[in-house]
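Dear colleague,

I am handing over the structure we spoke about, with the sequence alongside. Below it you will find my notes on what turned up when I went through it.

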Amino acid sequence: MARGEGHSGAGRDHRDYLVVRLGSGITATTVSGGQVVEGAAAAGGEIGHVRVDEFGPACTCGNSGCLDSFAALPALVEQARAAGESGRSADFARVLAEGRSLEIGDVVAAVAAGDRVAVQVARDAGRRVGEVLATLVAFANPAQVVLGGPVAALGDNLLAEVRAAVLRKAPTALTHDLRIDLSGLGERAVLIGAAHAATERSFGA
Ligand SMILES: [Zn+2]
């Protein structure tokens, strides 16, 4: 995804930016001076397992309260399911009544339709993500943060909270000119990046 953004998205305008993937896990890739930063074991960017609340829900990694357990795709679907079962959200209750299991597409649709619980789910996720990203912004001083992956389809409600949390928590000097945007490429960024990586490998470009 970071390579795709580099070739066809954020990388056209900047050499220093962060690409954040919001999916079944939350990961961030730092691009510094046009180069992807991978880390000692090429495992950098696992921000989904930063603990944001030690009393939070159990996480797949064995800890509790990781960012993923609040804001990754399975957590959001679970929050929607709970809201449907308890009757707090008519939209989600309707999906469950149809005998279907909820998917992120249902959450995206409910947010777009203005379901209050769904909008709150999107906003809470955005706030949690933004609070962690503030530290990355302080560290890497990116010109732009690009949010992609299936959860980014939650759109402006998510984006507004990410922006607000970063502005609230990151050093002011680093947020003056900072852009935080949803990926214009969406999931195509992954395909474009994979295609370029394959081409580079074949032709040594
Ligand atoms: Zn975890």
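**Notes on the model**

Asn 141 is partly exposed, because its relative accessible area is 43%. Please bear in mind from the outset that this is a predicted model, and that each value below was computed from it. Asn 141 sits in the loop that joins α6 to β4, the latter covering residues 144-148, and its phi is near 50°, which is a positive value in a residue other than glycine. For context, most residues other than glycine have a negative phi.

The zinc site

Which residues hold the zinc ion as its protein donors? They are His 49, through ND1, and Cys 59, Cys 61 and Cys 66, each through SG, and these atoms lie 2.0 to 2.3 Å from the metal. Read along the sequence, the donor residues follow the spacing H-x9-C-x1-C-x4-C. The 4 donor atoms subtend angles of 103 to 122° around the zinc ion, and the arrangement is therefore tetrahedral. By way of comparison, the ideal angle for four tetrahedral donors is 109.5 degrees.

Two of these donor residues can be described further in terms of their accessibility. Cys 59 counts as buried because its relative accessibility is 12%, and Cys 66 also counts as buried, since its value is 0%, where the cut-off for buried is under 20%. Cys 66 belongs to the loop between β3 and α2, the helix of residues 67-71. Measuring from Cys 66 to Ala 197, a separation of 131 residues along the chain, the C-alpha atoms are 31 Å apart.

The largest pocket

The largest pocket holds about 770 Å³ of space. It is lined by 33 residues, and those closest to its centre are Ala 2, Thr 29, Thr 30, Val 31 and Val 36. Several elements supply at least two lining residues each, namely α1 (2-8), β1 (17-22), β2 (26-32), β3 (35-37), α6 (116-140) and α8 (188-203). Which element gives the most to this lining? That is β2, which contributes 5 residues.

Two of the helices just named also hold residues that I looked at individually. Arg 3, in helix α1, is partly exposed because its relative accessible area is 40%. Although Arg 3 and Val 36 are 33 residues apart in sequence, their C-alpha atoms are 8.1 Å apart in space. Ala 197, in helix α8, counts as buried because its relative accessibility is 12%. The C-alpha atom of Ala 197 is separated by 9.1 Å from that of Gly 4, with the two positions 193 residues apart along the chain.

Rings, charges and one more helix

How many aromatic pairs does a search of the whole structure find? The search returns 0 aromatic pairs. There is, however, a charged side chain over a ring, in that Arg 128 lies over the face of Phe 70, at 3.9 Å from the ring centre.

Finally, Glu 78 has its place in helix α3, which runs over residues 73-85. Glu 78 is partly exposed, because its relative accessible area is 39%. Its C-alpha atom is separated by 21 Å from that of Val 132, which lies 54 residues away along the chain.

With best wishes

How values were computed: Residues are numbered from 1 along each chain as its sequence is written. This is a predicted model: local features need pLDDT of at least 70, side-chain atom pairs count only at pLDDT 80 or more; totals for chains, interfaces and linings use all residues. Side-chain values use heavy atoms; hydrogens and water are left out. Rings of Phe, Tyr and Trp (its six-membered ring) pair if their centres lie within 6.5 Å; planes under 30 degrees apart count as stacked, over 60 as edge-to-face and the rest as tilted. A charge sits over a ring if NZ of Lys or CZ of Arg is within 6 Å of the ring centre and within 35 degrees of the ring normal. Donors are N, O and S atoms within 2.8 Å of the metal (3.2 Å for Na, K and Ca); water is not among the atoms, so sites may look incomplete. Four donors count as tetrahedral if all angles lie between 85 and 135 degrees; four count as square planar and six as octahedral if opposite donors are over 155 degrees apart and all others between 65 and 115; anything else is irregular. Buried means under 20% relative accessible area, exposed over 50%, partly exposed in between (1.4 Å probe, protein chains only). On a 1 Å grid over the protein atoms alone, a cavity is a set of points where a 1.4 Å probe fits but cannot get out, and a pocket is an open set with protein on both sides within 12 Å along at least five of seven lines; lining residues have an atom within 4 Å of a point. Grid points are joined across faces, edges and corners, and a volume is the space filled by probe spheres set on the points. Helices (H or I, at least four residues) and strands (E, at least two) are DSSP runs, numbered from the N terminus.
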